[in-house]
Amino acid sequence: MSPHNPAPRTPAPYGPDHRPHYGHSPHIVIAGGGIAGLTAALALHAAGFERVTVVEAAAAIRPLGAGLNLMPNAVRELDALGLLDALEAGALRTRELRYYHRSGGLISREPRGLGAGYRWPQLSVHRGHLQQVLAGAVRARLGSAALVTGVKVTGVELLPDGRPRLRLEHREGPVRGRASLEPDVLVGADGIRSAVRAALNPAEGGPPWNGMLVWRGVSRMPARAVGSFMLIAGDDRQKAVVYPMGRPTGPGREVLVNWALARPADTPGDACEERLRGDWNRAVPVDAFLPHYEGWEFDGVSVPAVLRAADTAHEYPMVDREPLDRWTHGRTTLIGDAAHAMYPIGSNGATQSIVDARALAHALARHSDPAEGLAAYERERRPAMTALQHANRQLGPEVVIDLAHARAPHGFTDIHQVIPAEELAAIAGRYAATGAFDPATVNQGSPYEPAVPTV
């Protein structure tokens, strides 16, 4: 098997010399059944933990949302869990990324995934498909009782011995019930508005908004109308991201296309922020923002045509979280957006959540004391994620669009007269190194694989 096309793997449990020594099988509760939480459950199971429960506030795990990109470092970890074949069945390998100025000028084109020398592909996939693959694997490997829907963590109290006491709320139709639970370990994977994070940081407040709005949606288009590449285009004020995320199907050879747009809100800050804080996933008509993108066409891909093909669109504030000084309190920690929500730049939201999950399981399996395991996980992951949060606030690799606009606001004929090739390469390289997803690092293989027990 070629190193650029690794064979699918069956997840290997940790050897007996590497399992945790808790004196009993610890009960680990994961708050949140999204990408971070479900991956954590699978990683913990692969590491030999048998009592893992995921509690999800939604009544069911449904294939909702829009698209996302998974970088090769995340795909590597999903492959190690034996999920790559199922994931690729509903995904598309991302082969090229192109940055454009809004005038139509090409700023750069970069090979991605296998074409960039990685051993694993970069994948464009619908979030719903990824979540269904993860949820199906959790139920198959851990049992149906391991994933409990309709139950929300509403509060956390830390007991003197470091264990968490959870307050849970269960709702089935109009009937609401409350209970408490004292697991051995709690993992907060409940997103940017995490109840676990709020309990650990009661004075923090809500996520800060930067004044930008994001619109997202999915369209179905003829494959010839959207190309085979991922595009990011715009200027210093507004941007558009468009990419296919599946293979052509049906007699019309149509593909699912993910799109995301960003520009400053028209409504004055306080009024707009108050409205958005009350409704974070607001359905809006495409015509509400389409006029801002009229005339945007890049190498045959018409952004207005993609938008007009959408069934629905949703509006979000562009928010992140301030980096925390600590994620771990005793036997409770945070992963994914609950730990380090960042601006949607550089395809790192879901990617880093998946890596978090594997790192967490690896650390817990290497320490007999769960508090020490969680602390080791945080020592590895928090500094890197803090650096990535700061990098995304500086626009990450998308800063090339702003540079091009600042230096040639009316467009250009030769980008290298505007931004030298060495400068473009340095920007991309720095960002990849910050997130540890440069080819040299990724191709070393997963640092979270079980070690072979010494004889």
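Helix H9 covers residues 349-365, and at 1.5 Å a residue its 17 residues should span 24 Å (1.5 Å times one less than the number of residues); the end C-alpha atoms sit 25 Å apart, which agrees. Of those 17 residues, 16 are buried, so H9 is largely enclosed by the rest of the structure; buried means under 20% relative accessible area with a 1.4 Å probe, protein chains only. Keep in mind that this is a predicted model, where local features need pLDDT of at least 70 and side-chain atom pairs count only at pLDDT 80 or more. Residues are numbered from 1 along each chain, and side-chain values use heavy atoms, leaving out hydrogens and water.

**The open sheet**
- Five strands line up as S8-S2-S1-S12-S21 in an open sheet with parallel pairing (strands pair if DSSP finds at least two bridges between them).
- S8 (147-149) and S21 (332-334) are the edge strands, each pairing on one side only.
- From one strand to the next, the twist averages 20°.
- S12 (residues 185-188) and S21 run parallel and share 3 bridges, with Leu186 partnered by Thr332 in S21.

**Strand S3**
- In S3 (residues 67-70), Gly67 and Asn69 point one way, Leu68 and Leu70 the other, and all are buried.
- S3 runs antiparallel to S7 (residues 123-126), joined by 4 bridges, and Asn69 stands opposite Ser124.

**Helices H11 and H12**
- The axes of H11 (residues 399-407) and H12 (residues 421-434) come within 10 Å and cross at roughly 150°.
- That makes H11 roughly antiparallel to H12 (angles over 145 degrees count as such).

How values were computed. Buried means under 20% relative accessible area, exposed over 50%, partly exposed in between (1.4 Å probe, protein chains only). Helices (H or I, at least four residues) and strands (E, at least two) are DSSP runs, numbered from the N terminus. Axes are lines fitted to C-alpha atoms, for helices over the stretch in contact, and angles run from 0 to 180 degrees between N-to-C directions. Angles under 35 degrees count as roughly parallel, over 145 as roughly antiparallel, 65 to 115 as roughly perpendicular and the rest as oblique.
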